[in-house]
Amino acid sequence: MCELLAMSANVPTDIVFSFTGLAERGGVTGPHVDGWGITFYEGKGSRTFKDACPSSESHIARLIKSYPIKSETVISHIRQANRGCVALENTHPFDRELWGLNWTYAHNGQLSDYKDKFAVRRFRPVGDTDSELAFCWILEKLVARFGDERPKDMLPVFAYVAELAEEIRVLGVFNMILSEGNYLMSFCSNNLSHITRRAPFGKAKLIDTDVVIDFDKETTPKDVVTVIATRPLTDNEAWNIMQPGQWQLFCKGEVVGGGAFVAAPE
(Lines give C-alpha, C1' and ligand atoms only; values in the text may rest on other atoms or scores of the structure.)
Protein backbone atom coordinates (compact mmCIF):
# COMPACT_ATOMS: atom_id res chain seq x y z
CA MET A 1 0.00 0.00 0.00
CA CYS A 2 0.96 3.65 -0.34
CA GLU A 3 0.77 6.51 2.16
CA LEU A 4 -0.96 9.86 1.93
CA LEU A 5 -0.22 13.28 3.38
CA ALA A 6 -2.20 16.50 2.99
CA MET A 7 -2.59 19.88 4.64
CA SER A 8 -5.27 22.56 4.82
CA ALA A 9 -4.41 25.85 6.54
CA ASN A 10 -5.91 29.31 6.96
CA VAL A 11 -2.57 31.00 6.21
CA PRO A 12 0.27 30.03 3.86
CA THR A 13 2.15 27.37 5.81
CA ASP A 14 5.06 25.08 5.02
CA ILE A 15 4.78 21.31 5.41
CA VAL A 16 8.48 20.64 5.94
CA PHE A 17 7.99 19.00 9.35
CA SER A 18 5.28 16.56 8.26
CA PHE A 19 6.92 15.77 4.92
CA THR A 20 10.18 14.99 6.69
CA GLY A 21 8.38 12.26 8.62
CA LEU A 22 6.54 10.93 5.57
CA ALA A 23 9.72 10.80 3.45
CA GLU A 24 11.35 8.43 5.94
CA ARG A 25 8.57 5.91 5.20
CA GLY A 26 9.78 5.84 1.61
CA GLY A 27 12.58 3.35 2.21
CA VAL A 28 13.76 3.80 5.80
CA THR A 29 10.87 3.15 8.18
CA GLY A 30 8.48 1.95 5.48
CA PRO A 31 8.49 -0.02 2.20
CA HIS A 32 7.08 2.71 -0.05
CA VAL A 33 10.05 2.97 -2.42
CA ASP A 34 8.33 3.23 -5.82
CA GLY A 35 8.15 7.00 -6.16
CA TRP A 36 6.66 10.02 -4.46
CA GLY A 37 5.09 13.36 -5.28
CA ILE A 38 3.77 16.55 -3.72
CA THR A 39 1.57 19.41 -4.93
CA PHE A 40 1.44 22.91 -3.42
CA TYR A 41 -1.38 25.28 -4.28
CA GLU A 42 -0.69 28.99 -4.66
CA GLY A 43 -3.90 30.84 -5.44
CA LYS A 44 -5.35 29.33 -8.60
CA GLY A 45 -1.96 27.91 -9.54
CA SER A 46 -0.12 24.88 -8.27
CA ARG A 47 3.39 23.47 -8.37
CA THR A 48 4.06 19.75 -8.36
CA PHE A 49 7.28 17.84 -7.66
CA LYS A 50 7.53 14.13 -8.50
CA ASP A 51 10.24 11.50 -8.52
CA ALA A 52 10.14 7.77 -9.32
CA CYS A 53 12.96 7.24 -6.80
CA PRO A 54 12.33 6.48 -3.10
CA SER A 55 11.58 9.65 -1.14
CA SER A 56 14.27 8.75 1.42
CA GLU A 57 16.91 8.88 -1.34
CA SER A 58 15.52 11.54 -3.67
CA HIS A 59 17.45 14.78 -4.17
CA ILE A 60 14.15 16.49 -4.98
CA ALA A 61 12.73 15.29 -1.65
CA ARG A 62 15.73 16.81 0.09
CA LEU A 63 14.81 20.13 -1.52
CA ILE A 64 11.26 19.90 -0.19
CA LYS A 65 12.54 19.08 3.31
CA SER A 66 14.88 22.07 3.30
CA TYR A 67 12.91 24.68 1.33
CA PRO A 68 9.80 25.91 3.21
CA ILE A 69 7.30 26.42 0.38
CA LYS A 70 4.27 28.24 1.80
CA SER A 71 0.82 26.99 0.81
CA GLU A 72 -2.71 26.75 2.20
CA THR A 73 -3.41 23.40 0.51
CA VAL A 74 -0.94 20.55 -0.03
CA ILE A 75 -1.30 16.94 -1.22
CA SER A 76 1.53 14.39 -1.08
CA HIS A 77 1.93 10.65 -1.68
CA ILE A 78 4.60 7.96 -1.38
CA ARG A 79 4.09 4.88 -3.51
CA GLN A 80 4.37 1.15 -3.10
CA ALA A 81 3.44 -0.07 -6.57
CA ASN A 82 0.72 -2.67 -7.04
CA ARG A 83 -0.90 -1.54 -10.31
CA GLY A 84 1.35 -0.11 -13.01
CA CYS A 85 5.11 -0.08 -13.32
CA VAL A 86 7.45 2.20 -11.39
CA ALA A 87 7.50 5.27 -13.62
CA LEU A 88 6.89 8.99 -13.43
CA GLU A 89 3.55 8.73 -15.24
CA ASN A 90 2.29 6.39 -12.51
CA THR A 91 3.47 8.59 -9.66
CA HIS A 92 0.88 10.45 -7.56
CA PRO A 93 -0.51 13.05 -7.14
CA PHE A 94 -2.41 13.17 -10.43
CA ASP A 95 -3.89 16.42 -11.73
CA ARG A 96 -6.46 17.56 -14.29
CA GLU A 97 -8.21 20.80 -15.18
CA LEU A 98 -11.97 21.01 -14.63
CA TRP A 99 -14.11 24.19 -14.55
CA GLY A 100 -10.99 26.32 -14.82
CA LEU A 101 -9.58 24.77 -11.64
CA ASN A 102 -6.53 22.57 -11.07
CA TRP A 103 -7.78 19.37 -9.43
CA THR A 104 -5.24 17.21 -7.57
CA TYR A 105 -5.82 13.65 -6.35
CA ALA A 106 -3.93 10.87 -4.59
CA HIS A 107 -5.07 7.35 -3.68
CA ASN A 108 -3.90 4.70 -1.25
CA GLY A 109 -5.16 1.18 -1.88
CA GLN A 110 -5.81 -1.37 -4.58
CA LEU A 111 -8.91 -2.02 -6.69
CA SER A 112 -10.13 -5.14 -8.51
CA ASP A 113 -12.53 -5.65 -11.45
CA TYR A 114 -12.63 -1.91 -12.05
CA LYS A 115 -11.95 -1.41 -15.77
CA ASP A 116 -15.51 -2.04 -16.96
CA LYS A 117 -16.88 0.38 -14.36
CA PHE A 118 -14.52 3.24 -15.12
CA ALA A 119 -15.61 4.10 -18.65
CA VAL A 120 -14.03 7.45 -19.57
CA ARG A 121 -13.95 9.63 -22.69
CA ARG A 122 -13.07 13.22 -21.82
CA PHE A 123 -10.59 12.53 -19.03
CA ARG A 124 -8.13 9.78 -19.92
CA PRO A 125 -5.28 8.31 -17.88
CA VAL A 126 -1.70 8.87 -18.97
CA GLY A 127 -0.31 5.97 -16.94
CA ASP A 128 -1.72 2.51 -16.24
CA THR A 129 -2.73 2.60 -12.58
CA ASP A 130 -6.16 1.90 -11.13
CA SER A 131 -5.73 5.11 -9.13
CA GLU A 132 -5.47 7.48 -12.08
CA LEU A 133 -8.32 5.77 -13.94
CA ALA A 134 -10.56 6.14 -10.88
CA PHE A 135 -9.68 9.85 -10.74
CA CYS A 136 -10.59 10.31 -14.40
CA TRP A 137 -13.90 8.52 -13.81
CA ILE A 138 -14.75 10.77 -10.87
CA LEU A 139 -14.20 13.86 -13.02
CA GLU A 140 -16.33 12.37 -15.81
CA LYS A 141 -19.14 11.83 -13.34
CA LEU A 142 -18.84 15.39 -12.04
CA VAL A 143 -19.28 16.78 -15.54
CA ALA A 144 -22.23 14.46 -16.15
CA ARG A 145 -23.91 15.63 -12.92
CA PHE A 146 -23.01 19.35 -12.81
CA GLY A 147 -22.24 20.26 -16.43
CA ASP A 148 -19.41 22.20 -17.99
CA GLU A 149 -19.69 25.34 -15.85
CA ARG A 150 -18.34 25.61 -12.33
CA PRO A 151 -21.15 25.36 -9.73
CA LYS A 152 -21.50 28.40 -7.47
CA ASP A 153 -21.76 26.11 -4.44
CA MET A 154 -18.99 23.52 -4.33
CA LEU A 155 -20.24 21.67 -1.24
CA PRO A 156 -22.71 19.50 -3.21
CA VAL A 157 -19.87 18.67 -5.59
CA PHE A 158 -17.75 17.15 -2.84
CA ALA A 159 -20.77 15.41 -1.32
CA TYR A 160 -21.28 13.73 -4.69
CA VAL A 161 -17.59 12.81 -4.85
CA ALA A 162 -18.10 11.07 -1.50
CA GLU A 163 -20.93 9.02 -3.03
CA LEU A 164 -18.66 8.07 -5.92
CA ALA A 165 -15.84 7.17 -3.53
CA GLU A 166 -18.19 4.87 -1.66
CA GLU A 167 -19.03 3.15 -4.96
CA ILE A 168 -15.32 2.68 -5.61
CA ARG A 169 -14.72 1.36 -2.09
CA VAL A 170 -16.79 -1.70 -3.02
CA LEU A 171 -14.02 -2.60 -5.49
CA GLY A 172 -11.25 -2.68 -2.89
CA VAL A 173 -9.30 -0.29 -0.68
CA PHE A 174 -9.87 3.37 -1.56
CA ASN A 175 -8.34 5.94 0.77
CA MET A 176 -8.37 9.22 -1.14
CA ILE A 177 -7.33 12.87 -0.98
CA LEU A 178 -8.79 15.40 -3.45
CA SER A 179 -8.58 19.18 -3.87
CA GLU A 180 -9.28 21.96 -6.36
CA GLY A 181 -7.12 24.38 -4.40
CA ASN A 182 -9.64 25.80 -1.96
CA TYR A 183 -11.27 22.74 -0.41
CA LEU A 184 -9.46 19.58 0.69
CA MET A 185 -11.42 16.31 0.85
CA SER A 186 -10.42 13.07 2.54
CA PHE A 187 -12.20 9.72 2.17
CA CYS A 188 -11.33 6.76 4.37
CA SER A 189 -11.55 3.16 3.29
CA ASN A 190 -9.46 1.64 6.07
CA ASN A 191 -6.53 3.89 7.13
CA LEU A 192 -6.62 7.66 7.40
CA SER A 193 -6.08 10.09 10.28
CA HIS A 194 -5.92 13.83 10.84
CA ILE A 195 -4.99 16.45 13.41
CA THR A 196 -5.93 20.13 13.64
CA ARG A 197 -3.40 22.38 15.33
CA ARG A 198 -4.47 25.74 16.73
CA ALA A 199 -3.52 27.97 19.67
CA PRO A 200 -2.22 27.21 22.20
CA PHE A 201 0.45 25.48 20.11
CA GLY A 202 2.98 23.07 21.59
CA LYS A 203 5.84 20.80 20.63
CA ALA A 204 5.50 17.82 18.29
CA LYS A 205 7.86 14.88 17.79
CA LEU A 206 8.01 12.78 14.65
CA ILE A 207 7.63 9.01 14.93
CA ASP A 208 9.88 8.15 11.99
CA THR A 209 12.92 10.31 12.73
CA ASP A 210 14.35 12.22 15.66
CA VAL A 211 12.90 15.64 14.85
CA VAL A 212 11.01 17.89 17.26
CA ILE A 213 9.36 21.21 16.48
CA ASP A 214 7.88 23.87 18.73
CA PHE A 215 4.90 25.17 16.77
CA ASP A 216 4.44 28.02 19.22
CA LYS A 217 7.62 29.59 17.78
CA GLU A 218 6.54 29.01 14.18
CA THR A 219 2.93 30.22 14.25
CA THR A 220 0.63 33.07 15.28
CA PRO A 221 -2.35 32.71 17.65
CA LYS A 222 -4.77 32.91 14.70
CA ASP A 223 -3.23 30.04 12.71
CA VAL A 224 -5.28 26.89 12.05
CA VAL A 225 -3.51 23.98 10.35
CA THR A 226 -4.99 20.54 9.64
CA VAL A 227 -2.73 17.68 8.58
CA ILE A 228 -4.09 14.43 7.12
CA ALA A 229 -1.96 11.29 6.96
CA THR A 230 -2.44 7.59 6.40
CA ARG A 231 -0.95 6.95 9.82
CA PRO A 232 -0.15 9.51 12.57
CA LEU A 233 3.19 11.21 12.03
CA THR A 234 3.83 12.26 15.64
CA ASP A 235 3.77 10.27 18.87
CA ASN A 236 2.99 13.02 21.39
CA GLU A 237 -0.23 14.39 19.88
CA ALA A 238 -3.82 13.14 19.76
CA TRP A 239 -4.67 12.24 16.16
CA ASN A 240 -8.24 11.59 15.01
CA ILE A 241 -8.56 8.16 13.41
CA MET A 242 -11.14 8.12 10.62
CA GLN A 243 -13.57 5.23 10.22
CA PRO A 244 -14.22 3.19 7.06
CA GLY A 245 -16.72 5.03 4.88
CA GLN A 246 -16.12 8.36 6.60
CA TRP A 247 -15.30 11.50 4.62
CA GLN A 248 -14.43 15.02 5.62
CA LEU A 249 -14.12 18.32 3.80
CA PHE A 250 -11.73 21.02 5.00
CA CYS A 251 -11.31 24.66 4.03
CA LYS A 252 -8.59 26.84 5.52
CA GLY A 253 -7.94 24.22 8.17
CA GLU A 254 -11.53 23.92 9.40
CA VAL A 255 -14.06 21.13 8.82
CA VAL A 256 -16.83 22.46 6.55
CA GLY A 257 -18.52 19.20 5.57
CA GLY A 258 -18.46 15.45 5.87
CA GLY A 259 -20.38 12.32 6.66
CA ALA A 260 -20.14 8.55 6.80
CA PHE A 261 -21.40 5.60 4.82
CA VAL A 262 -22.24 2.62 6.98
CA ALA A 263 -21.56 -0.76 5.47
CA ALA A 264 -24.61 -2.99 5.17
CA PRO A 265 -24.58 -5.96 7.56
CA GLU A 266 -23.52 -9.22 5.95
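Where does Thr219 lie? In the loop between strand S11, residues 212-214, and strand S12, residues 224-229. I will come back to that loop after the overall picture. Please keep in mind that this is a predicted model.

The whole chain, then. The protein chain has 4 helices and 15 strands. On overall dimensions, a compact globule with 266 residues would have a radius of gyration near 18 Å, and the protein chain has 17 Å, which agrees. If you prefer a box, the C-alpha atoms fill one of roughly 50 × 40 × 40 Å, taken along the principal axes.

Next, contacts and burial. Take the contacts in the protein chain with a separation of 6 or more: 70% of them are accounted for by residues 24 or more positions apart. Of the 266 residues, 53% count as buried. The accessible surface of the protein chain comes to about 11,600 Å², and 50% of that belongs to carbon and sulfur atoms.

On charge, the protein chain carries 28 positive and 34 negative charges. The mean positions of these two sets are 3 Å apart.

Now to individual elements, starting with helix H1, residues 16-24. How many of the 9 residues of H1 are buried? The count is 9 of 9, so the helix is largely enclosed by the rest of the structure. The buried residues of H1 include Phe17, Phe19 and Leu22, and also Ser18, Thr20 and Glu24.

The second local site is Ser189. This residue is found in the loop between strand S8, residues 183-187, and strand S9, residues 193-198. Is Ser189 buried or exposed? Ser189 is buried, because its relative accessible area is 8%, and the cut-off for buried is under 20%. As for what surrounds the residue, leaving out residues up to four places away in sequence, Ser189 touches Arg169, Gly172, Val173, Phe174, Asn175 and Pro244. With Phe174 there is a specific atom to point at: the side chain of Ser189 reaches the backbone nitrogen of Phe174 at 3.1 Å.

Back to Thr219 and the loop between S11 and S12. Which backbone atom does the side chain of Thr219 reach? That atom is the backbone oxygen of Phe215, at 2.6 Å. Thr219 can also be placed relative to Arg198: the two are 21 residues apart in sequence, and their C-alpha atoms are 9.0 Å apart in space.

To put the two loop residues side by side: the side chain of Ser189 reaches a backbone nitrogen, that of Phe174, while the side chain of Thr219 reaches a backbone oxygen, that of Phe215. That is what I have for today.

Terms used. Residues are numbered from 1 along each chain as its sequence is written. This is a predicted model: local features need pLDDT of at least 70, side-chain atom pairs count only at pLDDT 80 or more; totals for chains, interfaces and linings use all residues. Side-chain values use heavy atoms; hydrogens and water are left out. Helices (H or I, at least four residues) and strands (E, at least two) are DSSP runs, numbered from the N terminus. The radius of gyration is taken over C-alpha atoms; the globule rule is 2.2 Å times the number of residues to the power 0.38. Buried means under 20% relative accessible area, exposed over 50%, partly exposed in between (1.4 Å probe, protein chains only). Contact means heavy atoms within 4.5 Å. Accessible areas come from the Shrake-Rupley method with a 1.4 Å probe; for residues, only the protein chains shown count as cover. Lys and Arg count as positive and Asp and Glu as negative; His and the chain ends are not counted. The place of a charge is taken as NZ of Lys, CZ of Arg, CG of Asp or CD of Glu. A polar contact is a pair of N or O atoms within 3.5 Å; within protein, one must be able to donate a hydrogen and the other to accept it, and residues adjacent in sequence count only if both atoms are side-chain atoms.
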